[in-house]
Every structure is written in C-alpha cells, then in structure tokens.
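Q: I am new to this structure. Please show me how to read its features, one at a time.

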Amino acid sequence: MIRDILIHPDPRLKKPCDRVQEVTAEIHVLAKDMLDTMYDAPGIGLAAPQVGAMKQLIVMDCIKDGPPQPMVMLNPIVFWASEDLSVYDEGCLSIPDQYAEVSRPGSVKVRWMGLDAQTYEQQFDGLWATCVQHEIDHLNGKLFIDYLGPLKRQMITRRMEKLKRERARFGDGR
Ligand code: K1U
Ligand code: ZN
C-alpha cells in the first residue's frame, strides 16, 4: 500500500524515533508499504517518520539501472565515517522539488537489524553513503535543510508552507 508522505514543516519530521524492539507483523507491513511508497514517488530512500511512523526504520534502493536492490534497516547506526567528504545535490521527498548541496562523509559503516532480526554491518560508498546518512538523519529529526544557512532554510520552509496551503485548498490536481 502506498502511504502519504508528510511535507515539511511537520512536527513529526523534527522528533527522534523509537527503537524497534521486536520484528512484528506490523513492522513487516510498514517496511513493505515504505518500499512501495519509495518506488512510487519515485525516490532512492524513505524513513518511517516521513510516513508518520515514529520508528527507527529506513528503506533504500540507490540502483538506477538494473535489477532492484531494496534494503530495509531497523535501528541503523553509523559506527565509522571516513574523513574524506563528498558533496551531493540532495533532495527529499518531504521537501519536494528543492535541492541543495550537502557535504557528508564519502564512506560510512552502518550496523542495523534486518527483518529477520539478525544484525548486519556493511560499508557504503558514493550515493549509497549519502542516502543512508540522509535517512538516518530523518530518524533523529534532522532534515538536509538543517545543514544549510538560515536564509536558505527559511526560503525553502516558506515555499513548503505555501505548497501545503495550496494542496489544502486545491487538492492535488487543482
Ligand atoms: O529520504 C528521502 O526524502 C528520499 C530522498 C533520498 C535522498 C536523495 C538524494 C540524496 C540523499 C537522499 C529521495 O529519494 S529524493 C528523490 C531522488 O533523489 C531521486 C528520485 C528518482 C530518481 C533518482 C533520485
Ligand atoms: Zn528526506
């Protein structure tokens, strides 16, 4: 099922999420719905708070060409980050049509729990590294615009407030 994606500003996008203690049927449904929602958007990642679920769950697939490579991570943490930085023109499904350059470690090692309740560790590089850091930020109530200066951040926030007013007034199609 495709779920609605929250648009910034929304208090749920600013709050830290709860750890997942147990991999229940509800978690499996949430992960499946989030993958459906991410592919439909389309996007390369999605974090649970973006669909209003305040749980430490992210999904990703950064493969542009070739067979899909969906990843589901519960309670992900970065336990190592490279000193070298990489700049990427980031977007966010909760901040539609707005892009800005963000500098982050070019490689990270992440530990997480899978849907099978096993612990995994993996190094991510390139776009995967950027994406996993962006998604983990969501779980801590942080958005990519929080890395920008106050003027740029305010400008984007005002655009989103206007977008939300228009959506509330006219719906999707006008
Ligand atoms: O978390 C999100 O809001 C999803 C976001 C992830 C992301 C994008 C860019 C850098 C870091 C993290 C998106 O997927 S925005 C859409 C997007 O980047 C994209 C959409 C279609 C094809 C390729 C990229
Ligand atoms: Zn985002």
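Q: Where does I77 stand between buried and exposed?
A: I77 has 40% relative accessibility, so it counts as partly exposed. That label lies between buried (under 20% relative accessible area) and exposed (over 50%), with a 1.4 Å probe and protein chains only. I77 belongs to strand β3, residues 71-81. Strands are DSSP runs of E with at least two residues, numbered from the N terminus.

A: A word on the source: this is a predicted model, where local features need pLDDT of at least 70 and side-chain atom pairs count only at pLDDT 80 or more, while totals for chains, interfaces and linings use all residues. Residues are numbered from 1 along each chain as its sequence is written, and side-chain values use heavy atoms, without hydrogens and water.

Q: Which residues does the charged end of R111 or K142 sit over?
A: A charge sits over a ring if NZ of Lys or CZ of Arg is within 6 Å of the ring centre and within 35 degrees of the ring normal. R111 sits over the ring of F79, 4.4 Å from the centre. K142 lies over the face of Y147, at 4.4 Å from the ring centre.

Q: How many aromatic pairs are there?
A: Rings of Phe, Tyr and Trp (its six-membered ring) pair if their centres lie within 6.5 Å; planes under 30 degrees apart are stacked, over 60 edge-to-face, the rest tilted. The whole structure has three such pairs. W112 and F124 have ring centres 6.0 Å apart and planes at 45 degrees, so this pair is tilted. Both residues, W112 and F124, are buried. Ring pairs link W112, Y120, F124 and W128 into a cluster.

Terms used. Chains are lettered from A and ligands numbered from 1 in the order in which they are written. Helices (H or I, at least four residues) and strands (E, at least two) are DSSP runs, numbered from the N terminus.
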